[in-house]
Amino acid sequence: MATLTQVGQQVGQVGRSVPRLESRAKVSGSAEYVYHVAVPGMLHGKIVRSSVAHGRIRRLDTSGARAQPGVYAVITGQDVLRVMPDPHYGPAFHDQPVLALDKVRFVGDPVAVVLAEDPHVAEEAAALVEVEYEELPAVFDELEAARPGAPLVHEVIRPATTFADLKHLAGRSGTNVAMEYHLRRGDVEEAFARADYVFEDVFRTQQTAHLPLEPFVCLAHPEGPDRLVIYTATQSPSFVRSEVARLLGWPENRVRVRTAFLGGGFGAKLYIKLEALAAACCLLAGRPVKITLSMEEQFLTITRHPTTFRIRSGVTRDGRIVARACEVWWNGGAYADISPRVTQKSGFTASGPYDIENVRIDSYVVYTNRPPTGALRGFGIPQLVWAYESHTDIIAHRLGMDPVEFRRINLLSNGQPHATGTPLTDTATREVLEALAKAMEWDKPLERGSGRYRRGRGIAIGLKACVAPTTSCATVVLYGDGSVAVLAGTVDMGQGSDTALAQIAAETLGLQAEQVRVVHPDTDVTPYDMATLGSRSLFHMGNAVKQAAEQVRDQLLAIAARALEADAEQLVVRDGAVWAPGGQSLSFKELMVHRFGMQAGTLVGTGTYLPPYAKPDPETGQSEEITPFWMVGGCGAEVEVDTYTGRVRVLRLVNAADVGRAINPAIVRTQLNGASLMQLGMTLMEEMVLEQGQVVNASLAAYKIPGFGDVPPVVEAVLVEMPHRHGPFGAKGVGETGTFAVSAAVANAIYDAVGVRIRELPITPERLLAALRRSGGAGSQEGEEG
Amino acid sequence: MSDFELCEPGSLEEALALLDPQDPSVRVVGGGTALVLMMKQRVFHPTRLVSLRRLAGQLRGIMRGERGLQVGAMTTLRELEQSALVARTAPVLSRALPRLANVRVRNQATLGGHLAHGDPHMDLPPILLAMGARVQATSPRGSRWVPLEELYLGYYETSLARDEVVTWVEIPELPADTRGAYVKFCYLSAEDWPAVGVAVFFRLEGGQFSQVRLAVGACTERPVRISRAETLLNGERPSPAVLEAAAQAAAGEVQPVSDLLGSAEYKREMVRVHVREALEQALVGGGR
Amino acid sequence: MSGPNGAGAFRTIRFRLNGRPVEMAVRAFETLADVLRRTGQVGSVRESCGQGLCGTCTVLVDGLAISSCLYLAALADGAEIQTVEGLASGEKLHPLQQAFVDCGAFQCGFCTPGMILTGLQLLRENPDPDEEEIRRYLSGNLCRCGAYPEIVRAIRQAARNGREEAGT
């Protein structure tokens, strides 16, 4: 039975705040990003995009562009067919064409690509490609799109069957509902009838964009007559290889995918984005092709789902939630991307981290004519927590109970079964809530102010299940001189995975993390990894690296046992050497010389991690093993509301998280706080505004993301360590945890400050001021507006 | 961006000769931050840009003259921000500058360009409008002084002819006992352009408002003086009721534009809130 | 002259990049970010928002931070241009770079060079900025990973180290 440990308890490589291995490179400009990669003879591609939200291409005239001096070629969907007979891709459904073939489905859908040696020429010529559309009725709202008779975004939906967890997806036609998930536990209607009170709310979220500062970039170039190398800023090199190979009808060993550091990812750079397009252009042109998107184009590539969440809870007089019904509608945009996984994997947590006997969840993803939506740091969880934790607060206030106390009564405890039936193994739900309450000094009164500025505080807590089942493979090699490299497909996009994996290998091999080299993903060299997403890498790849390092260690011990004439079981690795109980030691290099007769040879260890998984029942959504580990994230916010303008200033943001075991506490803190600031932007300011399907604020000038001035004066992380029995050294993933509860914590704090409830993100000043005015002004505790 | 001719004349006469009164695709460029942005966004395709960079020696600097500060059009916003003379004679301007755009823009952008661009979202136009500043516009026909009130005609629209160049800016030195404040309201991010900017200057004579100058910018198509509120205040003793009446008069007078920074209705309310706030700030000690 | 004539007319400009002379043929429409990238010497200059708002393309021109994505390259003729590549003395990082490392003031690192250069101009002007001044001064530099608190800490630490060095 796992118990809480203190942060930094162990001294060694694990628990040590190693500065990122690439620190020097990042402060001196030499860190490698795909953005900089160039090869001789390279062409630049500029994408021509649809100007209508839904339409059939009637005429596509590229002659004007082709006539421009310096234009090498203009590629259209028809051209792509010459190298990709069925050019539809996608991780869940094969619904997205490399370039539009007959139909366009959103404003920004790629229609053609202009290739030129000079990117300025490509850009100028792209404006000369003429496209005529027969416009079709378009639909943008998820509820409207699900209604019978709505315009159909896709006439037929074909499942991809690539990922094990999405094998159950079925093809459909005649509907925009791409996929649905249902959970049934107990008898919800009977429990509602029995409950003392029933509360129902509807919450909505907006479409937002990831906006890593390094926009999407990809370079495809031929290597010899029958091979293709793709340098791409991707979080999923293994998937890119298999998907591009599938599209080309090639074996995977003819496609080589390489990455570098990513200038941010946040879930945007997953699956296929530019890679299939760059590959097709490269093969058609017979020359290397690089496509670099602009900031504006990022808004048209992948975004976060808008949602509508109807939630209904039955509660007893003494504050027990006895029933909860959740109906979640995810707006999938024009192409499904990974929406079905969000719909299921996040959908099944929609009832929250609560112990509720009767639960019903219905989760639907719907095609619309918006830019496509996918995974964005939290995989749908922030949208759900926003709703269920606002709702939970509403109930607590209606019952006249303290919000923390109300959660105490209802929260699931470590070991208890979740609504899916899977137990919360080594999961610090209560511990996170208590750590949060303590950090927020919840038992002390708060000065709320009485004039123009009112203060309030709020908390929220969310639960996520790490995606399953997924595989990570790793190789650890020890060279003739005793130095060590980790070959792993995990992509370091800022989360510090290189450093963490080096720490795990170093801990296992008795080295300093700084001595370990982590080789960046190159599918010719690094073994398979499902992808860097969903906070899965530290757990999965960490385990694979640990296994691989243990294999190398065991080989070293065996060599040393012979050399030292000792029992291998009594030997230990430390400081780059193997030590016998008597104090004799041989360095790794000496051991290699002993084994190979000179400084030569390679020791190789391999590791594979695929956690157990039980597919949920298709009718009830029940499963005994739905996730390898649960993630718990809580947030506390103190806000100041300007009741004259509706502007909210967050004064303090506390992020408490169950991190299992912090491999690198400093990086964990930065991860949690950074994630919370991103979510704070999506709570208060970020929103893609569409007019007739066109994103009218697709730039950092009009779509504001948090800057220095928006950061709360106090941002702090509280690490709760409940080691997971299967985590490497007890660790759990934390890349997303800081996002979960921010929106609801802020909304709850606003309610605490001014007594109005906002049910739609973002909480803009105008929206809040209007709600304040409707409620009769600040201080009114009756206000339930928004 | 498409190709164009980039000229760097060494004299003003040469620069003026390169301009074309008929051709909107020929423009003068100071620091270039605004124009290059428009070019990158493909909303402006120049055939010729006339850089005044080599004229910086003649058109740069801050001097104190009889009527106030004389500032060369090629003076950067950053030079203005760091000028001790500006801090002494126009502290409201000094205080506004560190919060204008970002430091890179202020390093590069010039005062002439900032004013001639006609962008309604800028911070200095309402301040300088309230102060009664004017710009010297020079063309092959000679020079003329244009008060800011006459400079701004509409959204990105000024009264400058296509062959006129802003060469100097005159910022009157207000009487030493003038109080003033500039308040800007940023809507979503603290780092955004203002949704509303309010500049106010006045004196208290015998405890009564006098020479009130009030201007609002950012929320309207062009920065505007709010004469109704000025009239209402002049001769009155400061009181919450008087300030509120002025704020409401200002809100009633402006014609805000609905956009991503708020509806017209919301901005009108923000004008009320921030006019009142500007008056209060100036009363509690904001020097001119 | 107009139209999408990519070839464009070239002119030769000369400038110093981190102390070394550079001579390049540039076209009127090219920005400093475009041509610095072409030198292949400065991986730290990265265009992101393309509008002078994010700060990832920051370089110092004659000691002043500017957005190289909004700066016409031709106007850099004769300038002294500095990037983070020129800050270290041999193996020894500049104290501000070192402070960024020590404070873990970055995640993905894409914005880091711009943050450092803007911080450098700040510390040259004001060796002892408080937290509010740092935030205000760097307000035009964005970090999507949200390493803002650590960046403020790093600049504070570099200022403190700088004062200690000056004092001893």
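**Strand pairings and packing in chain A, with an outline of chain C**

Val641(A) stands opposite Val648(A) in S32(A), and this pair makes a convenient way into the predicted model. The two strands concerned, S31(A) and S32(A), run antiparallel and are joined by nine bridges. Between the strands of this hairpin lie five residues, and Gly646(A) adopts a positive phi near 80° there. S32(A) also has a parallel partner: seven bridges link it to strand S35 of chain A, residues 714-720. In that pairing, Asn655(A) is the residue facing Ala717(A) of S35(A). How much of S32(A) is buried? Ten of its eleven residues are, so the strand is largely enclosed by the rest of the structure.

Helix H19 of chain A, which covers residues 765-774, brings the same hairpin back into view from another side. Its buried residues are Pro765(A), Leu768(A), Leu769(A), Ala771(A) and Leu772(A). Viewed down the axis of H19(A), these buried residues fall within an arc of 160°, so they line one face of the helix. This fits a familiar rule: an α-helix has 3.6 residues a turn, so residues three or four places apart point the same way. Within chain A, the buried residues of H19(A) pack against strand S31 (630-642), strand S32 (648-658) and helix H18 (742-754). Chain B takes part as well, since helix H12 (264-283) of chain B is among the elements against which these residues pack. After H19(A) comes Gly776(A), with a positive phi near 90°.

Turning to residues 537-596 of chain A, an open sheet of three strands is found in the order S27-S28-S29, with antiparallel pairing. Strand S27 (572-574) and strand S29 (585-587) of chain A form the edges, each pairing on one side only. From one strand to the next, the twist averages 25°. Three bridges hold S27(A) in antiparallel register with strand S28 of chain A, residues 577-579, and Val572(A) is set opposite Trp579(A) in S28(A). Two helices accompany this sheet. Helix H15 of chain A (residues 537-564) lies across S27, S28 and S29 of chain A and runs at about 55° to S28(A). Helix H16 of chain A (residues 588-596) also packs on the sheet, where it touches S27, S28 and S29 of chain A; the direction of H16(A) makes about 85° with that of S29(A).

Another open sheet of three strands in chain A follows the order S13-S18-S22, and here the pairing is mixed. Its edge strands are strand S13 (208-209) and strand S22 (373-374) of chain A, each of which pairs on one side only. S13(A) is antiparallel to strand S18 of chain A, residues 303-304, and two bridges connect them. Thr208(A) is the residue that stands opposite Arg304(A) of S18(A).

Ala268(A) offers a view of a single loop position. It is found between strand S16 (255-258) and helix H8 (275-285) of chain A. Is Ala268(A) buried or exposed? Its relative accessibility is 1%, below the 20% cut-off, so Ala268(A) counts as buried. Leaving aside residues up to four places away in sequence, Ala268(A) touches His210(A), Phe216(A), Gln235(A), Lys273(A), Ile302(A) and Ala375(A). The C-alpha atoms of Ala268(A) and Ala465(A) are separated by 20 Å, with these positions 197 residues apart along the chain.

Chain C can be described as a whole. Five helices and five strands are assigned to it, and from the N terminus on its elements follow the order β-β-α-β-β-β-α-α-α-α. The C-alpha trace of chain C spans about 55 × 30 × 25 Å along its principal axes. How does the radius of gyration of chain C agree with that of a compact globule? For 168 residues, such a globule would have a radius near 15 Å, and the 17 Å of chain C agrees with this. Of the 168 residues in chain C, 62% are buried. Among contacts in chain C with a separation of 6 or more, 55% involve residues 24 or more positions apart. The accessible surface of chain C amounts to about 5,900 Å², and carbon and sulfur atoms account for 47% of it.

Technical notes:
Residues are numbered from 1 along each chain as its sequence is written. Chains are lettered from A and ligands numbered from 1 in the order in which they are written. This is a predicted model: local features need pLDDT of at least 70, side-chain atom pairs count only at pLDDT 80 or more; totals for chains, interfaces and linings use all residues. Side-chain values use heavy atoms; hydrogens and water are left out. Two strands pair if DSSP finds at least two bridges between them. Helices (H or I, at least four residues) and strands (E, at least two) are DSSP runs, numbered from the N terminus. Axes are lines fitted to C-alpha atoms, for helices over the stretch in contact, and angles run from 0 to 180 degrees between N-to-C directions. Contact means heavy atoms within 4.5 Å. The radius of gyration is taken over C-alpha atoms; the globule rule is 2.2 Å times the number of residues to the power 0.38. Buried means under 20% relative accessible area, exposed over 50%, partly exposed in between (1.4 Å probe, protein chains only). Accessible areas come from the Shrake-Rupley method with a 1.4 Å probe; for residues, only the protein chains shown count as cover. The arc is that of the directions from the helix axis to the C-beta atoms.
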